[in-house]
Amino acid sequence: MIEAFQNIFKIPELKKKVLFSLAMLAVYRVGCHIPTPGIDAQALAQFFKAAQGTLLGMFDMFSGGALEKLTVFALGIMPYISSSIIFQLLTVVLPAVEKLSKEGDAGRKKIIQYTRYGTIVLAVVQAFGISIGLEAMRGPAGELVVPNPGWGFRLMTVITLTAGTAFIMWLGEQMSEKGIGNGISLIIFAGIVARIPTAIGNSFRLIKTGELSLFVLLLIAAVMFAVIAAVVFMERGQRRIPIHYAKRVVGLKTVGAQSSHLPLKVNMAGVIPPIFASSIIMFPATVGNFIDVPWVQAASKQLAPGKLLYEVLFVAFIVFFCYFYTAVTFNPVDVADNVKKQGGYVPGIRPGKETSDFLDAVLTKLTFAGAIYISAVCVLPSILIGKFNLPFYFGGTSLLIAVGVGMDTLSQIEAHLITRSYEGFMKGVRIQGRR
């Protein structure tokens with residue numbers, strides 16, 4: 001593996017791509033430390049300590065800690081992700097968008113353009129909501145988070161945060177075009193892994209104070225490595241449906257009988273289900289922080305991570321969104337019709353409706369297994385924090401994203417190495433990404 005990393009710098013094109021991506025990530029991390037004007041940073045930090053486990057905490061994870069400090073990149077890339085998901089769902093709901101998605105490269109570019117516009121709109125709305133919320137926030141001693149509230153502060157915050165999101169979106173697109181890997185995914189990945197040094201420092205601090213024993217820390221490290229290995233195994237897992245093609249005439253040539261396969265992933269929905277589930281459940285807890293009513297405060301506390309009600313609802317929503325998103329992105333009827341039009345068939349299954357029913361049955365079982373796997377990974381942080389007093393958040397959506405993006409990026413680098421006749425990262429084994 002060390003030799004493979006050394007070979008990266010022997011290929012001029014690959015070296016340029018890797019260094020460009022690293023430079024863009026460095027620019028992003030610098031921006032995560034530039035504060036937005038008009039904020040009392042200390043009062044805001046105290047407020048976020050009390051808001052752990054809410055929707056604010058999840059957004060802060062995706063922004064790499066920028067939201068907690070309210071920097072110019074406080075909104076992070078979440079508006080772009082939300083806009084992308086919305087247009088992906090609209091391809092199923094609206095015929096016009098569906099028609100546009102089937103127009104090839106021109107249609108894809110049009111949808112990307114609409115996604116950018118949607119990102120700006122969402123960023124403006126979210127930035128205005130944050131500015132209003134900041135004016136109502138107070139620190140533990142009652143000090144105002146915004147010393148000089150008013151429309152001047154609101155407009156400045158909206159312009160600053162929206163410009164920051166637009167710049168991050170531009171950075172991600174530049175990385176995808178000129179760098180290595182998916183730029184948007186790498187920005188999220190950078191925000192997640194940026195917290196690792198702090199987590200390691202907190203662990204050693206707890207060992208020094210005697211709050212955490214070395215044996216427990218080693219045990220937790222072993223569990224972490226086992227979980228990461230399990231996530232890699234499940235993300236690569238797929239059910240390969242054999243497809244046979246009969247002898248057919250293509251143009252003026254006769255193509256002989258061929259055999260192929262249709263790969264169906266265990267985790268077809270990716271990280272969308274836990275993101276949606278967390279957003280829905282944490283929304284009441286976030287709103288409850290701003291409503292000074294006893295029963296509302298009590299209800300919001302029951303929806304905090306670690307509580308039984310939260311974990312039950314979290315798993316239920318994950319299972320629901322796994323099936324929902326898989327149904328949106330994979331249509332067994334369309335796949336069966338395409339296979340039939342190409343002269344293919346599944347051995348032992350008649351083409352057409354029987355093939356679509358077979359694919360639907362297989363996909364239902366795989367989705368259930370994927371939903372259980374995602375639920376286990378997402379519930380893991382509550383167990384580690386509640387039972388073992390883990391000083392940092394491990395597992396959940398952040399782990400799924402980090403592993404998936406890491407595999408995708410390494411697989412692209414490995415493809416460049418093998419194309420230039422270099423050995424990959426592991427001899428005799430190819431790294432397979434999420435896609």
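Is Glu173 buried, exposed or partly exposed? In the predicted model examined here, Glu173 counts as partly exposed, its relative accessibility being 21%, a value that falls outside the buried class because that class is restricted to residues under 20%. Glu173 forms a salt bridge with Arg116, and the closest N and O atoms of the pair are 2.9 Å apart. Since Glu173 belongs to helix α9 (residues 151–178) and Arg116 to helix α8 (residues 104–136), the pair ties together parts that are 57 residues apart in sequence. Arg116, at 34% relative accessibility, is likewise assigned to the partly exposed class.

The count of salt bridges comes to two. In the other pair, Lys353 is joined to Asp357, with the closest N and O atoms 2.8 Å apart. Here both residues lie in helix α17 (residues 353–388), where they are four residues apart, or about one turn of the helix. Lys353 is exposed, with a relative accessible area of 62%, whereas Asp357 is partly exposed, with a relative accessible area of 39%.

Turning to the interior, the largest nonpolar core comprises 49 residues, of which Tyr28 and Val231 touch the most other members. When neighbours within four places in sequence are left aside, Val231 is in contact with Tyr373, Val377, Leu399, Leu400 and Val403. One of these contacts, Leu399, is found in helix α18 (residues 396–419) and is buried, with a relative accessible area of 8%. Leu399 and Val271 are 128 residues apart in sequence, yet their C-alpha atoms are 9.7 Å apart in space.

Tyr28 is one of the buried residues of helix α2, the others being Leu14, Lys17, Val18, Ser21, Met24, Leu25 and Gly31. These buried residues cover an arc of only 145° around the axis, and they therefore lie on the same side of α2. The face turned away from the buried side carries the exposed residues Pro12, Lys16 and Val30. For the 20 residues of α2 (residues 12–31), a rise of 1.5 Å a residue predicts a span of 28 Å, which agrees with the 29 Å between the end C-alpha atoms.

With respect to cysteines, the structure holds zero disulfides. Cys322 is accordingly in no disulfide, and the nearest cysteine sulfur, belonging to Cys378, is 8.8 Å away. Cys322 counts as buried at 2% relative accessibility, and Cys32 also counts as buried, at 2% relative accessibility.

Terms used: Residues are numbered from 1 along each chain as its sequence is written. This is a predicted model: local features need pLDDT of at least 70, side-chain atom pairs count only at pLDDT 80 or more; totals for chains, interfaces and linings use all residues. Side-chain values use heavy atoms; hydrogens and water are left out. A nonpolar core is a set of buried Ala, Val, Leu, Ile, Met, Phe, Trp, Tyr and Cys residues joined through side-chain atoms within 4.5 Å. Buried means under 20% relative accessible area, exposed over 50%, partly exposed in between (1.4 Å probe, protein chains only). Contact means heavy atoms within 4.5 Å. Helices (H or I, at least four residues) and strands (E, at least two) are DSSP runs, numbered from the N terminus. The expected span of a helix is 1.5 Å times one less than its number of residues. The arc is that of the directions from the helix axis to the C-beta atoms. A disulfide is a pair of cysteine sulfur atoms within 2.5 Å. A salt bridge is a side-chain nitrogen of Lys or Arg within 4 Å of a carboxyl oxygen of Asp or Glu.
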